[in-house]
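Open your viewer and get ready to click along. We will move from stop to stop, selecting one piece at a time and looking at what surrounds it.

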Amino acid sequence: MKLIRATKGNLLFHLAERERTLLVELLSLYPRVPAAHQRLSNSAKIPGGEESQRLLDDALAQQRTESRNKLRAFMTDPRRFERNEAGHRLSISPAEVEWLLQVLNDIRVGSWILLGSPAQRLEIDSLNEQNSADVWAMEIAGSFQMQLLEALEGRT
Amino acid sequence: MAETATPAAAPGTIQEPEEKSKSGQDSGYLVICWNDPVNFMDYVTHVFQTVFGWPRQKAEFHMLQVHEQGKSVLTRESMEKAEHYVHQLQKYTLHATMERDA
C-alpha cells in the first residue's frame with residue numbers, strides 16, 4: 001500500500017491486487033477482541049464500580065456494532081476501491097483512517113489474545129497449524145497500521 | 001510495547017507538571033496506561049495525541065514511560081472525565097484503567 005496523494009480531507013492510496021485481497025480478508029476478521037475484555041479499573045475503590053463497568057462494556061459493545069456496520073458499508077461501496085491497470089486506488093478521509101486504525105488494532109490485539117497474550121514475539125519455528133492464522137492476522141494488521149500512521153504523519 | 005521507531009524524547013528529558021483537572025471538583029482519579037507487548041510505540045504515541053490533544057513530544061514522553069516503567073499516569077480528573085478518557089483509550093484497544101488517587 002502506497003500513499004499517492006494527501007490533501008486536508010482525503011488520502012489516496014495505491015494497493016496492488018494482492019494487498020487489496022489481504023486487506024479485505026483481514027478486515028473480515030473484525031471484531032477480534034473478546035467482549036467484556038477491557039476493565040475500567042484494577043481496584044475495587046471506584047464508587048459504583050460494577051455499574052460503571054457495565055456502562056463501559058455497553059459503550060464498547062455499541063462501538064463494535066457501529067464499526068461492524070460501517071465496515072460492511074466500507075467494503076461493499078463500489079467507489080471505495082477504484083480499479084485501474086496497476087491495481088486499486090483507495091480513497092479515505094483522515095477520520096476514516098482514524099477509525100481504520102481502531103479496527104486494525106482490534107484485530108491485532110484480539111489475535112494476540114487468541115495466541116495466549118505472549119510476552120515475546122513468536123519465533124518462526126514455533127508456528128504451527130493452530131497459531132499461524134492468528135500470527136498472520138496480528139502481523140498483517142500491524143503492517144497496515146504502520147502504513148496508515150506514516151501516511152497521516154506525512155512520512156511516506 | 002512493540003518497538004517501531006526511535007522517539008525524539010527520552011523519559012526524564014522534559015519535566016511533566018502534575019496534571020490538574022480542569023473540572024475542579026472531585027479530581028481524584030488517575031487515568032493510567034499500562035504496558036503490553038503488542039501495541040506499537042508509534043501507535044500509542046498517536047493515540048495519546050489524538051485523545052488528549054497533546055503535542056508529539058508530550059505524547060512520546062508518556063509512551064516511553066509506559067514502555068520503560070510499565071505504566072504512565074496520563075491525567076488526574078474527576079470520575080466522569082476519567083471514565084471518558086479510559087473509554088476513549090480502550091476504543092483504540094490500549095490497556096488503560098482509572099484508579100482512585102491514594
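Start by selecting B:Ile32 and ask: which residue is its bridge partner in S3(B)? The partner is B:Thr97. Keep in mind as you look that this is a predicted model.

Now widen the selection to the two strands. Strand S1 of chain B covers residues 29-34, and five bridges join S1(B) to S3(B). These two strands run antiparallel. In general, strands of a sheet pair through backbone hydrogen bonds, in either a parallel or an antiparallel way.

Add S2(B) to see the whole sheet. The sheet is open, with three strands in the order S2-S1-S3 and antiparallel pairing. Why do S2 (71-77) and S3 (96-100) of chain B each have one side without a neighbour in the sheet? Both stand at the edges with a single partner strand, so one side of each is left free of a neighbour there. Turn the view to follow the twist, which averages 30° from one strand to the next.

Next, show the helices that go with this sheet. Helix H2 of chain B, residues 56-69, packs on the sheet and touches S1 and S2 of chain B. The direction of H2(B) makes about 135° with that of S2(B). Then select residues 79-91 of chain B, which form helix H3. Helix H3(B) lies across S1, S2 and S3 of chain B and runs at about 160° to S3(B).

Your next stop is helix H1 of chain B, residues 41-52. Here is a check you can do yourself with the distance tool. At 1.5 Å a residue, the twelve residues of H1(B) should span 16 Å, and the end C-alpha atoms are 17 Å apart, which agrees. Which residues of H1(B) are buried? They are B:Asp42, B:Tyr43, B:Val44, B:Thr45, B:His46, B:Val47, B:Phe48 and B:Val51. These buried residues pack against H2 and H3 of chain B, together with H3 and H4 of chain A. Just after H1(B), click on B:Gly53, where phi is positive at about 70°.

Since H1(B) has led us to chain A, show both chains together. In total, 26 residues of chain A are in contact with 19 residues of chain B. On the chain A side, helix H2 (49-76), helix H3 (94-114) and helix H4 (132-152) each supply at least two residues. H3(A) gives the most, with seven residues. Colour this side of chain A by class and you will find eleven nonpolar, ten polar and five charged residues.

Now hide chain B and look at chain A alone. Chain A has four helices and four strands, and along the sequence they follow the pattern β-β-α-α-β-β-α-α. The C-alpha trace of chain A spans about 60 × 40 × 30 Å along its principal axes. Of the 156 residues of chain A, 23% count as buried.

For the last stop, select helix H1 of chain A, residues 17-27, along with H4(A). The axes of H1(A) and H4(A) come within 11 Å and cross at roughly 115°, and the crossing is left-handed. Show the side chains where they meet: A:Leu22, A:Leu23 and A:Leu26 come from H1(A), and A:Ala137, A:Ile140, A:Ala141 and A:Phe144 from H4(A). By class, this contact has seven nonpolar residues, with no polar and no charged ones.

Terms used
Residues are numbered from 1 along each chain as its sequence is written. Chains are lettered from A and ligands numbered from 1 in the order in which they are written. This is a predicted model: local features need pLDDT of at least 70, side-chain atom pairs count only at pLDDT 80 or more; totals for chains, interfaces and linings use all residues. Two residues are in contact if their C-beta atoms, placed from the backbone, lie within 7 Å. Ala, Val, Leu, Ile, Met, Phe, Trp, Tyr, Cys and Pro count as nonpolar, Asp, Glu, Lys and Arg as charged, and the others, Gly among them, as polar. Axes are lines fitted to C-alpha atoms, for helices over the stretch in contact, and angles run from 0 to 180 degrees between N-to-C directions. A crossing is left-handed if the near helix is turned anticlockwise from the far one by less than a right angle, and right-handed if clockwise. A residue is buried if 20 or more other C-beta atoms lie within 10 Å of its own, exposed if 12 or fewer, and partly exposed in between; C-beta atoms are placed from the backbone. Two strands pair if DSSP finds at least two bridges between them. The expected span of a helix is 1.5 Å times one less than its number of residues.
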